[in-house]
Amino acid sequence: MSADYLIGTDIVARDVWTTVPLDWDDPEGETIRVYARELVAAERRNDDLPLMVHLQGGPGGKGTRPLGRSSWVGAALKRFRLVIPDQRGTGRSTPLSGREFAELPAEEAARRLSLHRADSIVRDFEAIRARHYGGRQWWTLGQSYGGFLTMHYLSTVPEAIVGSAVTGGLAALEPDPDEVYRRTFPRMVEKNRIFRERTPHLTDRVARIADLLEAEDVRLADGDRLTVRRFQTLGMGFGMGPGYDRVHWVLDEAFADEAEKRLSDTFVDAVGAGSAFTADPLYMALQEAIYGPGPSAWAAQRERDRRPEFAESARPLLFTGETVFPWMFDEIRALRGFRAGVELLAERAWPIEMYDPERLAANEVPVEAAVYFDDLYVDSGLSLDTASRVAGVNAWVTNEYEHDGVHHDGVAERLFTALEHRLGGTVSERKR
């Protein structure tokens, strides 16, 4: 561990490094490093606090970089010493890049990608717990994909966990990307309708932008062409609380002239940065692989092809959600090197034991889960089915928040308090 340092004025942090096998089934083979940041409230830095590990969203999501004690971070630091890992391949952990993957044969590229799924991630977390915290039990907070990791954790090493909170991430126990997209594409249509209703002055502008992108060769700063379908990926943000407004303000500065015939550099740069995936290429490379061992065969693209309202020529133009499409690995610089590996990963089964339904049915770890009824990314119907089949899960269903509800004050606090009540006292009382 590194020396302590401050975040803001009241959070003490230190860096935690753990060397683990790239392939946990080959412990004597190639190794990688996994990074985690440990946080503690400054006034409690010397206290013997219980541990909480944050299971970050994604896939391919690096750990939160907090700016202070707001929302869930503040609620956690009231109670815990907080461990925030960068999942393997992300952030400061040994990273993956399209540049290095472009040099690999497709078989090896797909194999290495397959080693960055839930089973390997949980084993990394177990190595952190064993090597740096003496194997002490910890609490977990799983956001989005972190909920998938929670179900895998409870299927494999439930004895590691005191209690779990899940926000927007109860995964289906029989993962099926086709079913996920059958359920979420209609929600994308509804989110687009709401956006047009909120910003009617932008509907024609969106059409003009699409017409211009179709007619002209508009280049981004990195040389990629800004195509209509890349423009449509702006809708990925519609599943977050401020998503409509963020897209609104990008479109607000779309044109550089009064006649609205010339796109502004501000707009082109904003769309390019928002769809480049430079910092998180695994987010797209593993987007459909998180659902299980079976070949996804580009499930989102097949569903899109069945829905002409999402065509690039359709008007009004619809934006797409949290979906990966094969064209991305041709048209987006940071993803091109992953093309061969991702294609092979999508074409054939890659063994992984995701969840153990029998073990989950007998689960004894208390789980408090926030299920967002209108969630664009994780279908609430599938989440509630999981809640009914995993013992110990209490689901709080709400339409007050979008997928990023955990960042609102009160959400994590409610889940932590509920876990404390179920376990018989506050965290500090249980510690005593």
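Reader: How far apart, N to O, are the side chains of R208 and E260 in their salt bridge?

Author: This is a predicted model: local features need pLDDT of at least 70, side-chain atom pairs count only at pLDDT 80 or more, and totals for chains, interfaces and linings use all residues. Numbering starts from 1 along each chain as its sequence is written, and side-chain values use heavy atoms, leaving out hydrogens and water. A salt bridge is a side-chain nitrogen of Lys or Arg within 4 Å of a carboxyl oxygen of Asp or Glu. For R208 and E260, the N to O distance is 2.3 Å.

Reader: How many residues apart in sequence are the parts that R208 and E260 tie together?

Author: Helices (H or I, at least four residues) and strands (E, at least two) are DSSP runs, numbered from the N terminus. R208 lies in helix α7 (residues 203-215). E260 lies in the loop between α9 (243-252) and α10 (265-274), so the pair joins parts whose separation in sequence is 52 residues.

Reader: Which residue of this pair is buried, R208 or E260?

Author: Buried means under 20% relative accessible area, exposed over 50%, and partly exposed in between (1.4 Å probe, protein chains only). R208 has 34%, so it is partly exposed. At 17%, the buried residue is E260.

Reader: What is the relative accessible area of D224, a salt-bridge partner of R336?

Author: The side chains of D224 and R336 meet at 2.5 Å, N to O. They link distant parts of the chain, 112 residues apart: D224 is in the loop between α7 and α8 (228-232), R336 in helix α14 (residues 333-336). R336 is partly exposed at 34%. D224 is buried, with a relative accessible area of 1%.

Reader: Which residue forms a salt bridge with D217?

Author: D217 is partly exposed at 47% relative accessibility. Its partner is partly exposed too, at 30%. The closest N and O atoms are 3.9 Å apart, and the partner is R225.

Reader: How many salt bridges does the rule give?

Author: The pairs above belong to a longer list. The count by this rule comes to 46.

Reader: In what order do the nine strands of the open sheet stand?

Author: Two strands pair if DSSP finds at least two bridges between them. The pairing in this sheet is mixed. The order is β1-β2-β3-β5-β4-β6-β7-β8-β9.

Reader: Which strands stand at the edges of the sheet?

Author: An edge strand here has a single partner strand, so one of its sides is left without a neighbour in the sheet. On average, neighbouring strands are turned by 25 degrees against each other, direction ignored. The edge strands are β1 (5-7) and β9 (393-398).

Reader: Which residue takes a positive phi in the hairpin of β1 and β2?

Author: β1 and β2 (residues 11-21) run antiparallel, joined by three bridges. Y5 stands opposite A13, and L6 stands opposite V12. Three residues lie between the strands, and the one with a phi near 65 degrees is G8.

Reader: Which residue in β3 is the bridge partner of V16?

Author: β2 and β3 pair over eleven bridges, in the antiparallel sense. β2 is mostly covered, with eight of its eleven residues buried. The bridge partner of V16 is A36.

Reader: At about what angle to β2 does helix α4 run?

Author: Axes are lines fitted to C-alpha atoms, for helices over the stretch in contact, and angles run from 0 to 180 degrees between N-to-C directions. Contact means heavy atoms within 4.5 Å. Helix α4 (residues 118-133) lies across β2, β3 (31-41), β4 (51-55), β5 (81-86) and β6 (138-143). Its angle to β2 is about 115 degrees.

Reader: Which residues touch the most other members of the largest nonpolar core?

Author: A nonpolar core is a set of buried Ala, Val, Leu, Ile, Met, Phe, Trp, Tyr and Cys residues joined through side-chain atoms within 4.5 Å. The largest core holds 112 residues. The ones with the most contacts in it are F231, L251 and F267.

Reader: Which element gives the most to this core?

Author: F231, L251 and F267 make the most contacts among its members. The element that gives the most supplies seven residues, and it is α4.

Reader: How far apart in space are F329 and E343, C-alpha to C-alpha?

Author: F329 is found in helix α13 (residues 328-331) and is buried at 1% relative accessibility. Beyond four places in sequence, F329 touches residues including W298, F338 and V342. F329 and E343 are 14 residues apart in sequence, and their distance in space is 9.3 Å.
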